[in-house]
Amino acid sequence: MGRSAGARVATLIADAAGARGVVALGYPFENPKEGPNPDRYRHLASLGSRLLVIQGAHDEYGGRGAVENYSLSATGRLELVDTDHSMTMDESSWRNVRKQIVDFLAE
């Protein structure tokens, strides 16, 4: 499990480390100052480990557009939540995120 750059690192090493799954919070699909960079996300399309990306719909590193612009492997899914890259949310929203993570881990 990782957030932002930590999520990127987790996905980069997941298969080699034999991880059964990765939970990525606020994945940095792109640098808002530089735009898209395939080195940040290309590997996600062929990731063998299961992947759950919980992404802010207003995340400047790839919000709502991440659904259309970036491919995940067949074992990956992206869930949008109403926040930005900081992942600042109210308690109810965090309960929803926690449930998504627990359900993912139980699969």
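This is a short chat about a predicted model, covering one of its helices, a surface patch, some salt bridges and a buried alanine.

Q: Let's start with helix 4: what span should its 16 residues have, and how far apart are its ends?
A: Helix 4 runs over residues 91-106, and at 1.5 Å a residue it should span 22 Å; its end C-alpha atoms are 22 Å apart in the predicted model, which agrees with that expectation.

Q: Which residues of helix 4 are buried?
A: The buried residues of helix 4 are V97, Q100, I101 and F104. Looking down the axis of helix 4, these buried residues fall within an arc of 95°, so they line one face of the helix.

Q: And what covers those buried residues?
A: The cover over the buried residues of helix 4 includes strand 2 (21-25), strand 5 (50-56) and strand 6 (76-81).

Q: What about the other side of helix 4, which residues are exposed there?
A: On that other side, E91, R98 and A106 are exposed.

Q: Where does N96 fit in, and how exposed is it?
A: N96 belongs to helix 4 as well, and because its relative accessibility is 40%, N96 counts as partly exposed. If you compare N96 with Y27, the two are 69 residues apart in sequence, and their C-alpha atoms are 18 Å apart in space.

Q: Changing topic: which residues form the nonpolar patch on the surface?
A: That patch is formed by V9, L12 and I13, which together have about 270 Å² of accessible area. I13 sits in helix 1, which covers residues 5-17, and with 48% relative accessibility I13 counts as partly exposed.

Q: OK, now charges: why can side chains of opposite charge pair?
A: Such side chains can pair when their charged atoms come close.

Q: How many salt bridges are there in this model?
A: The count comes to 6 salt bridges. One of them joins the side chains of R42 and D39, with an N to O distance of 3.4 Å. R42 is exposed, with a relative accessible area of 52%, whereas D39 counts as partly exposed at 46% relative accessibility.

Q: Where do E107 and R77 lie, and what does their pair tie together?
A: The side chains of E107 and R77 meet in a salt bridge at 3.2 Å, N to O. E107 lies in the segment after helix 4 and R77 lies in strand 6, so this pair ties together parts that are 30 residues apart in sequence. E107 is exposed, with a relative accessible area of 55%.

Q: Which residues are joined into one network by salt bridges that share partners?
A: That network consists of R50, R77, E79 and E107. Within it, the side chains of R77 and E79 meet in a salt bridge at 3.3 Å, N to O. R77 is partly exposed, with a relative accessible area of 27%, and E79 is also partly exposed, with a relative accessible area of 27%.

Q: Last one: is A14 buried or exposed?
A: A14, whose place is in helix 1, is buried, because its relative accessible area is 2% and buried means under 20%.

Q: Leaving aside its neighbours within four places in sequence, what is A14 in contact with?
A: With those neighbours left aside, A14 is in contact with A19, V22, L47 and S49. As for R50, A14 and R50 are 36 residues apart in sequence, while their C-alpha atoms are 9.2 Å apart in space.

Terms used
Residues are numbered from 1 along each chain as its sequence is written. This is a predicted model: local features need pLDDT of at least 70, side-chain atom pairs count only at pLDDT 80 or more; totals for chains, interfaces and linings use all residues. Side-chain values use heavy atoms; hydrogens and water are left out. Helices (H or I, at least four residues) and strands (E, at least two) are DSSP runs, numbered from the N terminus. The expected span of a helix is 1.5 Å times one less than its number of residues. Buried means under 20% relative accessible area, exposed over 50%, partly exposed in between (1.4 Å probe, protein chains only). The arc is that of the directions from the helix axis to the C-beta atoms. Contact means heavy atoms within 4.5 Å. Patches are made of residues with over 30% relative accessible area and no salt bridge: like charges are joined within 9 Å, nonpolar side chains (Val, Leu, Ile, Met, Phe, Trp, Tyr) within 5 Å. Accessible areas come from the Shrake-Rupley method with a 1.4 Å probe; for residues, only the protein chains shown count as cover. A salt bridge is a side-chain nitrogen of Lys or Arg within 4 Å of a carboxyl oxygen of Asp or Glu.
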